[in-house]
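I opened this one to see where the charges sit and where the backbone does something odd. My notes follow in the order I looked things up.

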Amino acid sequence: MQRLNPTIRTHLGLSVFVALLGVLTAMAMSLLPASGNTLPRPSDVEVEVVSTGMKVTWEEPDTSNATLPGQLLSYKIERQEGLTGEWESFIDDTKSSASTSLIDTTGGTSGRFHAGRAYFYRVSAIYDDGNDGTRTSGPSHHGVRVAPSYPMPTDLDRDDTTNGTELEWVPPDLSSPSLDGIPSLSGYELTVNGSSGSTHTIASTASTYTHSSGDFKDDYEIIAIYDKFESREARFAQGTPPPVPAPTNLSGSAKSQGLEVTWDEPDTSDIDLDIDIVGYEILRRRAKPAYETIESNTDSTSTTYLDNLTEANGFFIAGQGYTYQVRAIYEDDERYEYRSDPSDSGTVWVPNYLKPDNFSSDVSGGDIELEWDAPTISWNANRHGLTGYRLTITTPGNTTTTVSFGTGTTSYTYDPDETGIHVFQIAAIYFIFSSGFDSAPVAVGSQ
């Protein structure tokens, strides 16, 4: 019989020892109680909507290959409301390991399941720890269900009266076959989003409600209630503020710094509201059917406004008319804002500011020489003095360039780089006012 090499015998003995040590270690580990994270967990959590709430079902843990500290006693159920909610334990202990389902009738944070909101559930197993206590596994994977969008009230209407705010709506239509089997309509919940912030419960047979302390500033949300479920919110918008007096006797005139409008402040002696004027809204139009707001709130009780907000070209053009209206802005003690209807209109005409005199052109050595004389001005202080000139050049390729000059310049040399008709237009500038323009077309090169 052949003997093994001593070195081989040594390695073989060491391998057997290591293997035996591994077996003994595994046996010892299997005798230790499992931690909460390694205890078998429930699985296959499913959620469905039933008439009384959310039904949660799950599969009991698979304990066939696990060493348990003790027997399975019961379950812990957690719920998360909405995508951003936090997990909360709403049943700490079901008190029974036999049942693997329950119906959540608590309805979330509001006491009802809100239409369109997702509700997540997960389940943990509770085991006897063998020492008069319990140990809980980690949670299962979650199941989820979105609460149904049951019908809302429709055709919401409001009327603000001296007796409060009268609300009216059409009850939800439950005639659709798809709604068979849902809980019956049990009522409404009305929330006041205003100074009171109150909530009112209304019987299911109602389709009207009077909020005796309400006024036009309040807006309301109403939901339909179906036992443990609720519809989405339908909203009554804020009411229409009572009318308030508008300014009167609007008139205007051109000044050296702009177009000035004045008016008389509204007569508030016959209104019952405790309000004060805090400013005015200024509206303007020129050759357009619609007014534009050029000042949303003057933040002043002054009844004079100087308009120096020129149009896109940067000037008021001589001879143009601008029509104005003014609204009064009021506030009450709660800083709520009231705006009057617009006042009667008034038109202000831009004075006929003078153009440059003797505008001429001459082609010399390939350049175009332009000359003009300063306008002869003799007018009153309500017109601004001359501040310069504005020359617009349009090339044969329809490229437009604008050049500005001070009052001391009355000539300009232009070096064309295109052949064809160049059009020169010059206007005199008076601060934010512009005269009309004189035009000089000049032909360059062959035609």
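Before anything else, the cut-offs: I call a residue buried under 20% relative accessible area, exposed over 50%, and partly exposed in between. I'm also keeping in mind that this is a predicted model.

**Entry 1: the negative patch**

I went looking for clustered charge on the surface. D44, E46, E48, E59, E60 and D62 gather there in a patch of negative charge. Which strand gives the largest share of the patch? That is β1, residues 43-50, with 3 residues. I picked D44, which lies in β1, for a closer look. D44 has 55% relative accessibility, over the 50% cut-off, so I put it down as exposed.

**Entry 2: salt bridges**

Next I pulled up the salt bridges, and the count comes to 18. I went through three pairs one at a time.

The K95 pair: its partner is D93, and the closest N and O atoms are 3.9 Å apart. I checked the cover on both ends. K95 is exposed because its relative accessibility is 67%, while D93 comes out as partly exposed at 28%.

The D160 pair: how far apart are the closest N and O atoms of D160 and R158? I read 2.9 Å for this salt bridge. Is R158 buried or exposed? R158 is buried, since its relative accessible area is 16%. D160 has 29%, so I noted D160 as partly exposed.

The R286 pair: R286 forms a salt bridge with E311, with 2.6 Å between the closest N and O atoms. R286 sits in the loop between β20 and β21, and E311 in the loop between β22 (304-307) and β23 (316-317), so this pair ties together parts 25 residues apart in sequence. Both ends are partly exposed: R286 has a relative accessible area of 28%, and E311 has 25% relative accessibility. I then looked for salt bridges with shared partners and found E281, R327, E337 and R339 joined into one network.

**Entry 3: the β20 and β21 hairpin**

R286 had taken me to the loop between β20 and β21, so I stayed to look at the strands. In what sense do β20 and β21 pair? Strand β20 (residues 276-285) and strand β21 (residues 292-295) run antiparallel, paired over 3 bridges. I traced one of the partners: L283 bridges to T293 in β21. The hairpin has 6 residues between the strands, and A287 takes a positive phi there, near 55 degrees.

**Entry 4: other positive phi values**

After A287 I checked two aspartates for their backbone angles.

D132 has a phi near 60 degrees, which is positive in a residue other than glycine. Where does D132 lie? I found D132 in the loop between β7 (118-128) and β8 (134-136). At 86% relative accessibility, D132 is exposed.

D155 is not a glycine either, yet has a positive phi of about 50 degrees. This residue lies in a strand, namely β10 (residues 154-161). D155 counts as exposed because its relative accessibility is 57%.

**Recap**

Looking back over the page, I have a negative patch with its largest share from β1, a salt bridge between R286 and E311 that links two loops, and a positive phi at D132 and at D155.

Note on methods: Residues numbered from 1 in each chain as written. Predicted model: local features only at pLDDT ≥ 70, side-chain atom pairs only at ≥ 80, totals over all residues. Heavy atoms only, no water. Patch = residues over 30% accessible without salt bridge, like charges linked within 9 Å, V, L, I, M, F, W, Y side chains within 5 Å. Areas by Shrake-Rupley, 256 points an atom, 1.4 Å probe, with all protein chains shown as cover. Salt bridge = Lys/Arg side-chain N within 4 Å of Asp/Glu carboxyl O. Lys, Arg positive; Asp, Glu negative; His and termini not counted. Charge placed at Lys NZ, Arg CZ, Asp CG, Glu CD. Helix = DSSP H or I, 4+ residues; strand = E, 2+ residues; numbered from the N terminus. Buried < 20%, exposed > 50% of the residue type's maximum accessible area, 1.4 Å probe, protein only. Pairing = 2+ DSSP bridges.
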